[in-house]
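Grab a pencil and work through these exercises with the structure open beside you. Try each task yourself before you read the solution.

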Amino acid sequence: MVYPKEYVNSVTEIDIKLLTKNNIKGLILDVDNTLIDYNQNIPEGIEEWVQILKKQNIKFCILSNSNNEEKIKKVSKKLEMPYLFFAKKPFKTGFIKAKKILDLKEENIGMVGDQVFTDVVGANRMKMVSILVKPIDKKDHLPTKIQRIFEKPVIYQYLKIKERK
Ligand SMILES: [Mg+2]
């Protein structure tokens, strides 16, 4: 339940090969520390990454727990994809809305995010393909900072299991 299906260093490592392997036709994207850093900048390469995958018919939707609509809207405009904010991940409501927007089955949807207990757990509960990314920034907002303490042993354990396979 807490382990991701895939674990990558950055969203830009998610290429068509990885998506095809997992039968993914659409991606739900977290925003904070997945698409933007602490200062709300989108790192180089992410816009291009989205464009390349769009050309390969991958659909996108933003799903953020942030209640700062302006911030989320700005990212959604820049990357030209729909957005949902204040999503209350890991609860299902937001995921169900995003699934409707993508118009895909859950098994064909990948959820990409940097947090185990919101992004990964939410996706796994929905039977979507969970893809954990390393956070862009070391800096976090306070609630996230606390969660990281509990995430660490989960990720450590996950990597150990993966190594054994
Ligand atoms: Mg995040």
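**Exercise 1. Overall build**

What radius of gyration would a compact globule with 165 residues have, and what does the protein have?

*Solution.* Keep in mind that you're looking at a predicted model.

Step 1: For 165 residues, a compact globule would come out near 15 Å.

Step 2: The protein has 14 Å, which agrees with that expectation.

Step 3: For another view, look at the C-alpha trace, which spans about 40 × 35 × 30 Å along its principal axes.

Step 4: Now go inside: 36% of the 165 residues count as buried. Among contacts with a separation of 6 or more, 64% are between residues 24 or more positions apart.

**Exercise 2. Put the sheet together**

Walk along the chain and list the elements, then find the order of the strands in the sheet.

*Solution.* Step 1: Count the pieces, and you get six helices and six strands.

Step 2: Starting at the N terminus, the elements run β-α-β-α-β-α-β-α-β-α-β-α.

Step 3: In space, the six strands form an open sheet in the order 1-6-5-2-3-4, with parallel pairing.

Step 4: Check the ends of that order. Strand 1 (6–8) and strand 4 each have a single partner strand, so one side of each has no neighbour in the sheet.

Step 5: What holds such neighbours together? Strands of a sheet pair through backbone hydrogen bonds.

Step 6: Follow some of the pairs across the sheet. Strand 1 and strand 6 are parallel and share three bridges, with L132 in strand 6 as the bridge partner of Y7. Strand 6 and strand 5 pair over four bridges, and there V112 stands opposite I131. Strand 5 also pairs with strand 2 over four bridges, where L27 stands opposite G110.

**Exercise 3. Strand 6 and its surroundings**

Is strand 6 buried or exposed, and which unit does it belong to?

*Solution.* Step 1: Go through the strand one residue at a time: five of its five residues are buried.

Step 2: Sort them by face. V129, I131 and V133 are on one side, while S130 and L132 are on the other.

Step 3: Step back along the chain. Strand 5, helix 5 and strand 6 make a right-handed β-α-β unit.

Step 4: Look at the helix in this unit. The buried residues of helix 5 are V116, T118, D119, V120, G122 and A123. They pack against helix 4, strand 5, strand 6 and helix 6 (142–164).

**Exercise 4. Find the core**

How many residues are in the largest nonpolar core, and which of them have the most contacts inside it?

*Solution.* Step 1: The core has 37 residues, and those with the most contacts inside it are I28, L29, I62, L63 and V112.

Step 2: Ask where the core residues come from. Among the elements that give two or more are strand 2 (26–29), strand 3 (59–63), strand 5 (109–113) and strand 6 (129–133), along with helices including helix 3 (69–79) and helix 5 (116–125).

Step 3: Zoom in on I62. Leaving aside neighbours within four places in sequence, I62 touches L29, V31, I72, V75, S76, M81, P82, Y83 and L84.

**Exercise 5. Spot the odd backbone**

Which residues other than glycine have a positive phi, and where is there a cis peptide bond?

*Solution.* Step 1: Start from the usual case. Most residues other than glycine have a negative phi, and most peptide bonds are trans.

Step 2: E80 goes against that, with a positive phi of about 50 degrees. E80 is in the loop between helix 3 and strand 4. It counts as exposed because it has 11 C-beta neighbours inside 10 Å, and the cut-off for exposed is 12 or fewer.

Step 3: K127 also has a positive phi, near 65 degrees. K127 is in the loop between helix 5 and strand 6, and with 12 C-beta neighbours inside 10 Å it counts as exposed.

Step 4: For the cis bond, go to K89 and P90, where omega is about 15 degrees. P90 lies in the loop between strand 4 (83–84) and helix 4.

Technical notes
Residues numbered from 1 in each chain as written. Predicted model: local features only at pLDDT ≥ 70, side-chain atom pairs only at ≥ 80, totals over all residues. Core = buried A, V, L, I, M, F, W, Y, C linked by C-beta atoms within 7 Å. Buried ≥ 20, exposed ≤ 12 C-beta atoms within 10 Å, placed from the backbone. Contact = placed C-beta atoms within 7 Å. Rg over C-alpha atoms; globule rule 2.2 N^0.38 Å. Pairing = 2+ DSSP bridges. Right-handed = clockwise from strand over helix to strand, strands pointing away.
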